[in-house]
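Student: I should like a close look at a single part of this protein, namely its nonpolar interior, together with the strands and loops that surround that interior. Please give one connected account.

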Amino acid sequence: MDVVAKLVRIMWIPILIVALYTGWIFWQRHPWWPWSQPVGIDRDPMAIYGKNVRILQFYARNREIAPGNKTLLCYGVVNTKAVRLDPPVEKMWPAVSRCFEVSPDKSTRYTLTAEGAEHTTVSQSIEVAVNP
């Protein structure tokens with residue numbers, strides 16, 4: 001009986017830690033309590049980005065590369081139904097954040113065009129220079 005009493009006295013600590021951790025995870029995943037909502041942050045994407053077609057980002061990791069080298073071209077769009085790149089390099093689709101490799105033979109100006117539901121479009125361009 002002495003061993004069981006010692007075990008009970010020792011085991012309450014890990015049980016309490018597991019219970020607190022489980023409660024914390026449950027509280028983080030189910031924020032129904034008013035004090036668990038972040039202050040000043042609206043979780044509605046429409047409130048953040050609106051209903052307009054927008055290019056959030058369009059950039060090249062390296063704006064200058066040597067011949068035969070590659071760089072990443074990255075884009076992010078919201079409220080779009082179609083995305084295209086001129087000159088075409090890879091299949092494109094609407095994404096908040098996406099990158100792919102390009103390896104131009106010569107200096108190239110890439111133009112990203114995002115099209116919305118009502119045929120509204122926005123475009124943005126970037127140039128990748130190929131310098132020997």
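Tutor: Buried residues account for 25% of the 132 residues in this protein, and the model discussed here is a predicted one. The secondary structure amounts to 2 helices and 7 strands, and the order from the N terminus is α-α-β-β-β-β-β-β-β. Of the contacts between residues at least 6 apart in sequence, 50% join residues at least 24 apart. The accessible surface comes to about 9700 Å², and carbon and sulfur atoms contribute 60% of that area.

The interior itself comes next. The largest nonpolar core has 20 residues, and those that touch the most other members are Phe58, Leu73, Tyr75, Leu85, Tyr110 and Leu112. At least two residues of this core come from each of β1 (54-60), β3, β4, β5, β6 (108-115) and β7 (121-130).

Leucine 73 shows in detail what one of these core members touches. When residues up to four places away in sequence are not counted, leucine 73 touches Phe58, Tyr59, Ala60, Leu85, Arg98, Cys99, Phe100, Val102, Tyr110 and Ile126. Three residues of that list, Phe58, Leu85 and Tyr110, also appear among the core members that touch the most others.

Tyrosine 75, another of those core members, leads to the aromatic pairing. The structure holds 1 aromatic pair. In this pair, tyrosine 75 and phenylalanine 100 meet edge-to-face, with 6.3 Å from centre to centre and 65 degrees between the planes. Because tyrosine 75 belongs to strand β3 and phenylalanine 100 to strand β5 (residues 98-102), the pair ties together parts that are 25 residues apart in sequence. Both partners are buried: tyrosine 75 has a relative accessible area of 0%, and phenylalanine 100 has a relative accessibility of 4%. Each value falls under the 20% cut-off for a buried residue.

Arginine 98, which is in contact with leucine 73, takes part in a further arrangement with an aromatic ring. The charged end of arginine 98 sits over the ring of tryptophan 93, 3.7 Å from the centre of that ring.

The account now turns to strand pairing. An open sheet is formed by 4 strands in the order β2-β7-β6-β4, and its pairing is mixed. The edges are taken by β2 (64-65) and β4; each has a single partner strand, so one side of each is left without a neighbour in the sheet. Strands β2 and β7 pair in the parallel sense over 2 bridges, and glutamate 64 has alanine 129 of β7 as its bridge partner.

The edge strand β4 can be followed into the loop before it. Threonine 80 lies in the loop between β3 (71-78) and β4 (82-86). Is threonine 80 buried or exposed? Threonine 80 counts as buried because its relative accessibility is 17%, which is under the 20% limit. Apart from neighbours within four places in sequence, its contacts are Val53, Pro94, Ala114, Glu115 and Gly116.

Asparagine 79 is placed in the loop between β3 and β4 as well. Its phi is near 55 degrees, a positive value in a residue other than glycine. Asparagine 79 counts as partly exposed, with a relative accessibility of 29%.

Alanine 82 is found in strand β4 itself and is partly exposed, at a relative accessible area of 30%. Outside its neighbours within four places in sequence, alanine 82 is in contact with Pro94, Thr113, Ala114 and Glu115. Pro94, Ala114 and Glu115 are thus contacts of threonine 80 and of alanine 82. The C-alpha atoms of alanine 82 and proline 94 are 6.1 Å apart in space, although the two residues are 12 apart in sequence.

Two further backbone features complete this view. A cis peptide bond, with omega about 0 degrees, joins aspartate 86 to proline 87; proline 87 lies in the loop between β4 and β5. Histidine 119, located in the loop between β6 and β7, has a phi near 60 degrees, again a positive value in a residue other than glycine. With a relative accessible area of 58%, histidine 119 is exposed, in contrast to the buried tyrosine 75.

Conventions: Residues are numbered from 1 along each chain as its sequence is written. This is a predicted model: local features need pLDDT of at least 70, side-chain atom pairs count only at pLDDT 80 or more; totals for chains, interfaces and linings use all residues. Side-chain values use heavy atoms; hydrogens and water are left out. Buried means under 20% relative accessible area, exposed over 50%, partly exposed in between (1.4 Å probe, protein chains only). Contact means heavy atoms within 4.5 Å. Rings of Phe, Tyr and Trp (its six-membered ring) pair if their centres lie within 6.5 Å; planes under 30 degrees apart count as stacked, over 60 as edge-to-face and the rest as tilted. A charge sits over a ring if NZ of Lys or CZ of Arg is within 6 Å of the ring centre and within 35 degrees of the ring normal. A nonpolar core is a set of buried Ala, Val, Leu, Ile, Met, Phe, Trp, Tyr and Cys residues joined through side-chain atoms within 4.5 Å. Two strands pair if DSSP finds at least two bridges between them. Accessible areas come from the Shrake-Rupley method with a 1.4 Å probe; for residues, only the protein chains shown count as cover.
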